[in-house]
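Hi,

Here is the structure I said I would pass on. Have a look at it first, and then read my notes underneath.

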Amino acid sequence: ASEPRREWFSGDFSKMAVTKVFNQTNEYHAGWIDTSGNFFDVTEALGLQSKDEEDPPASYHATGFAGGLFGYYQGAPSENDSFYLPVDDISASAVQRGDVRCAGRPYDQDGSLTSGQDAEKIYPHQVTSWIDETRCIANNQEDSSVIVDTKSKTSAKYLPGGARTAWNGVISPSKEKIAFMSQPNGSKEKASETIDIYIAPVNGGRPEKADVYSDFVKGVGHTYMYDPSWESLFYWTLIDWC
């Protein structure tokens, strides 16, 4: 299984991007599943499926959503073979080339963000949330979440000290707080026993542990979605604030 990502879901959570595999023909079709479990086949809607036995098997995979756009790629994920189009206009004339996660964002020509003087690169799969037009939250190469400023080309950790690791930060609707997954460094316990959700101010300050279950049961404040069944850190992800 691959690492769960926020872009798998549309903004209103009515769709989840999936890739359907046809075992008999070895074809891959990109599309999404709605809340009723119905699959919408974007590959077929665009007429990209194999037409007969002489055609090579179609190989289109879902990238995910960004705003009102749906993205997919052909073969292997690369900028040259990535495409996107509006969810409400699934037609060949609406298709544009590029990674849907980069659409309208300040990525360089190589599809990355520069986050430091050492020219460290941040790629779309590392970005977990955009704060505004120039700042985003990303998991850097040290597996610690940072705020990247694409204008000044700098990055800074929002979790102070070095006692804990932070990852998959998500900005709040008010743009004032970040919710993120966290675990003590050097922990030898199971992930399910040590991973918690914390909240920290965007502009710095003491992080606080979120009372997830209380918020969920009472239906007040904010709730958070994550999958506690995985023991690997990278399979624990925040989906959104609600």
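Sorted by class, the residues lining the largest pocket come out as 15 nonpolar, six polar and six charged. Do keep in mind that this is a predicted model. The volume of that pocket is about 680 Å³. Its lining has 27 residues, and those closest to the centre are Arg6, Phe65, Ala66, Gly67 and Trp130. As for elements, strand E4 (60-66), E10 and strand E14 (164-171) each give two or more residues to the lining. Which of them gives the largest share of the lining? That is E10, with four residues.

E10 also turns up in a sheet. Four strands make up this open sheet, in the order E10-E11-E12-E13, with antiparallel pairing. At the edges sit strand E10 (127-130) and strand E13 (154-157), each of which pairs on one side only. On average, neighbouring strands here are turned by 30 degrees against each other, if you ignore direction. As a general reminder, it is backbone hydrogen bonds that pair the strands of a sheet, in either a parallel or an antiparallel way.

If you want to look at one pairing in detail, try E12 and E13. E12 covers residues 145-149, and four bridges join this strand to E13, the two running antiparallel. Within E13, serine 155 is the residue that stands opposite valine 148.

Another spot to click on is proline 207. You'll find this residue in the loop that links strand E16 (196-201) and strand E17 (208-209). What does proline 207 touch, once neighbours within four places in sequence are left aside? The contacts are Leu159, Pro160, Phe180, Tyr198, Ile199 and Ala200. Tyr198, Ile199 and Ala200 fall within the range of E16, one of the two strands on either side of the loop. For another distance in that area, take lysine 177: 30 residues separate it from proline 207 in sequence, and the two C-alpha atoms are 9.6 Å apart.

Finally, the overall numbers. The protein chain has three helices and 17 strands. Out of its 242 residues, 41% count as buried. Taking the contacts in the chain with a separation of 6 or more, 36% are between residues 24 or more positions apart.

Over to you, and shout if anything is unclear.

Cheers

Terms used
Residues numbered from 1 in each chain as written. Predicted model: local features only at pLDDT ≥ 70, side-chain atom pairs only at ≥ 80, totals over all residues. Heavy atoms only, no water. Contact = heavy atoms within 4.5 Å. Pairing = 2+ DSSP bridges. Axes fitted to C-alpha atoms, helices over the stretch in contact; angles between N-to-C directions. 1 Å grid on protein atoms, 1.4 Å probe; cavity = no way out; pocket = protein on both sides within 12 Å on 5 of 7 lines; lining within 4 Å. Points joined across faces, edges and corners; volume = space filled by probe spheres on them. Nonpolar A, V, L, I, M, F, W, Y, C, P; charged D, E, K, R; others polar. Buried < 20%, exposed > 50% of the residue type's maximum accessible area, 1.4 Å probe, protein only.
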